[in-house]
Amino acid sequence: MDPDAGGSSSAPPPPSATIGACAETKEEERGRKEVVVVLVGPSGSGKSSFAEAVVGGSTAGRHWVRVCQDTIGNGKAGTKIQCLKAASDALKEGKSVLIDRCNLEREQRADFVKLGSTLHADVHAVSLDLPAKVCISRAVSRKGHDGNLQGGKAALVVNRMLQKKETPLLTEGFSRIMCCNDDGDIKKAVDLYNDLGPSDSLPSGVFGQKSKRPVQVGIMKFLKKADASSVETSSGPKLALTEIKPAQQNPLPKQENVEAGFACPMEVEKGLNDKMENEEHAKESDYCDVGSRTLAFPSISTADFQFDLDRASDIIVDTAANFLQKFDNIRLVLVDLSEKSRILSLVKQKAAKKSIDSNRFFTCVGDITQLHTRGGLQCSVIGNAANWRLKPGGGGVNAAIYNAAGESLQHATKKCADALRPGTSVVVPLPSTSPLRQREGVTHVIHVLGPNMNPMRPDYLKNDYTRGSKILREAYNSLFENFASIVQSYMGKQNSESGAEKSASGGTSPNDTKMKREDSHGSERMKKHKLFQPIMTAKQQHECTKVNASNCHDDAMTSSAVPSQTRQVDNRRNDVVTSKTWGSWAQSLYELAMNPEKYKNSDSILETSDEYIVLKDLYPKAKRHILVISRMDGLDSLADVKKEHLPLLRRMHSAGVKWAQKFLEEDAALEFRLGYHSVPSMRQLHLHIISQDFNSASLKNKKHWNSFTTSFFRDSVDVIEEIEQNGSTTTSTDEKVLAMELRCHRCRSAHPNIPKLKSHIAICKSSFPSHLLQKNRLLSSTMHMDRT
């Protein structure tokens, strides 16, 4: 090149060399793939040491970046969002990333998995599954920790972390999962990543995972004492039925004692017999599970509402004793702030006289919002002596719980109910963001309202202790039964998770469509119940049943679950005793029938008599849909009906016919059926009067349709006739009929879904089946209506 032309004086490389260099670079880039390693483990498991060893020891040319939440904010603790941004920036720069956070729950890992997938990186999990006591010992004894988690408080924090740990699964999106069970495994993992070159990849799959066993919760065995108050069995801590003194409220040893207790070398840990190890973990898991079966509650109505303490203590002991007889493996703890509390003293004395198991029912002095952190008492559910508006403030326990739980409790309560009436309770799942849940492990608050003997408060009973005692007993029963349903939902969730693990290697998954359909059916019943009474349903099970992303059903009640009031009813028929469990949503018709005066302002009630109530169905399945509800206590469903109940059934039928005639005068095109569900979903015998157009937005699924158009629906005239002849009526318990295909109730043509079925019904002019045209089973403006 001519120097005068202004170009470089050096000669360019030969064309062949340039092409070769470009090809080599492109080939290297083509084989290169970044890696995101999500570290999983509690404090003290060695995550930071692992990350620093990989970053500082990489010898194969791969560039690593450690993203640590404890230092992400200019050397101080930061947020998950900051970690995600730092990881994203590093990946875009061609660097691999180590996520140094606890990442113990699937939800915490999900965003990092998604980030890696979006940026086309391999996503690995390295789970540091060291023994609990090793993690706790390290966390307690370390100095200058980036997150300041050290000393005595670290033990409780690590223990709580381990309770929440969810084992990483390939189904989360990881291409590789490596489990490290001791220091030797950790060294092998560090060496593996140190030797990983820019173009190298590691085999996919799960490596080093031992057979599944209960989550380790090792701190509890170090908190054991030799006296009767020690935690020894899975049935619960053997706490004496006595008030816990302030000096006893914090069983956590001082830092030097904790350190001494954990001075156990790794060699000794490796030499433990496998059988002993398994037994130890099983015991620790059982103790952990006790917290999920423990209710801590204050005395109701004895402070602000000034209920007589002697009478209140009788009711507390009686209801607790009856409740504990019904349910196994459940603990109740009565809590008061004062050592000199007279209610605690009275309850202790009376419980001792009744010989109630002190492992399952005892009293405790302390702040109900700090039982775990200050008293070492695990309880996932607490009761709240609420006010009728379900609002913060007032004072005492109500104010303390709302303050401790933060605004999230107010929002969650608003979703479940707006107000309480005396004698009822409402379950509120605490969101994962609630400080009370994060600090104390409280998953649910049950608001309960008792009777008021304070003339300065609403609903003053003017010292009517006959009525007041009845209401207080109802309040405690509601509180305890709602708690039982939470426990049942929790146990059901554990069982379903266990079943899912068993089928993970090749079993079939549940039918998601069916589950969604059933949830929809259940959630509507929850709404209906809420409008009648404020006892919560489970929108379950999960928020209200997934507390972390829930769906108020059981949650359950999945429930959320999702959590619900439970009532066992014995139905004796043909000398056979059967048991029916009614959820809290199913109690609303019973409550209405027994106490109609409390709903006198409701425009849903059409008629009230001494024997029945006529009510608009709050979620009608047709243009006209009402209920005639019996007011006879103990008559829950057709299974309870006997010959002596015939006069009542006839009068209910006549009331239904009367209202059908009224509706026909308003719209002569309507046609009606009167009948009962074979197995009702709501307690208290009730007769449906429903128009046959089925034109309603509330008719949403197959269960709705088949419950009114198949043999599941028993015509009132047939029920009366059968009881006259046989003394009782046949009820089918086979709910498979509710899952039958969708068929038109006129022409019996089949349809694939509800929208298409509704479109067909709107134009179908076929005659009804012949059996409906007999005995006045079908009522219309052109037929003579016999009131039976």
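How many of the five residues of strand β16 (residues 612-616) are buried? That stop comes later in the tour; the whole chain comes first.

**Before selecting anything**

This is a predicted model, in which local features need pLDDT of at least 70 and side-chain atom pairs count only at pLDDT 80 or more, while totals for chains, interfaces and linings use all residues. Residues are numbered from 1 along each chain as its sequence is written, and side-chain values use heavy atoms, with hydrogens and water left out.

**Whole chain**

Colour by secondary structure: the protein chain has 24 helices and 23 strands. Helices (H or I, at least four residues) and strands (E, at least two) are DSSP runs, numbered from the N terminus. Of the 788 residues, 51% count as buried; buried means under 20% relative accessible area, exposed over 50%, and partly exposed in between (1.4 Å probe, protein chains only). The exposed surface of the chain comes to about 36,400 Å², with carbon and sulfur atoms supplying 50% of it. Those areas come from the Shrake-Rupley method with a 1.4 Å probe, and for residues only the protein chains shown count as cover. The count of disulfides is zero, a disulfide being a pair of cysteine sulfur atoms within 2.5 Å. Two cysteines to click on are C135, buried at 0% relative accessible area, and C416, buried at 7%.

**First stop: the six-stranded parallel sheet**

Select β1 to β6. They form an open sheet with parallel pairing, in the order β2-β3-β1-β4-β5-β6; two strands pair if DSSP finds at least two bridges between them. β2 (64-68) and β6 (205-207) are the edge strands, each with a single partner, so one side of each has no neighbour in the sheet. On average, neighbouring strands are turned by 15° against each other, direction ignored. Axes here are lines fitted to C-alpha atoms, for helices over the stretch in contact, and angles run from 0 to 180 degrees between N-to-C directions.

Now narrow the selection to β1. Six of its six residues are buried, so the strand is largely enclosed by the rest of the structure. V35, V37 and L39 lie on one side and V36, V38 and V40 on the other, and both faces are covered. β1 runs parallel to β4, joined by six bridges, and V35 has D122 as its bridge partner in β4. With β3, β1 pairs in the parallel sense over three bridges; there V37 stands opposite L98.

Move to the β6 edge. Three bridges join β5 (residues 176-180) to β6 in parallel, with M178 of β5 partnered by F207.

Add two helices. α2 (residues 47-57) lies across β1, β2, β3 and β4, at about 160° to β2. α7 (residues 183-194) lies across β1, β2, β4 and β5, at about 145° to β5.

**Second stop: K80**

Select K80, in helix α3 (residues 80-92). Is this lysine buried or exposed? K80 is buried, with a relative accessible area of 17%. Leaving aside neighbours within four places in sequence, K80 is in contact (heavy atoms within 4.5 Å) with Q69, R101, E107, Q108, D111 and F112.

**Third stop: the largest nonpolar core**

A nonpolar core is a set of buried Ala, Val, Leu, Ile, Met, Phe, Trp, Tyr and Cys residues joined through side-chain atoms within 4.5 Å. The largest has 40 residues, of which F297, F323, L332, F361, Y476, F480 and F483 touch the most other members. Elements supplying at least two residues each include β7 (294-297), α12 (309-326) and β8 (331-336). α18 gives the most, with 11 residues. Apart from this core lies another, of 29 residues, among them L390, I401, L420 and V426.

Select A417, in the loop between α16 (407-416) and β11 (424-429). A417 is buried at 4% relative accessible area.

**Last stop: β15, β16 and β17**

Back to β16: four of its five residues are buried, and the strand is mostly covered. A hairpin joins β15 to β16 through three residues, and the two strands pair in the antiparallel sense over three bridges. T608 of β15 stands opposite I613. β16 also runs antiparallel to β17 (residues 625-630), joined by five bridges, with K616 opposite I626.
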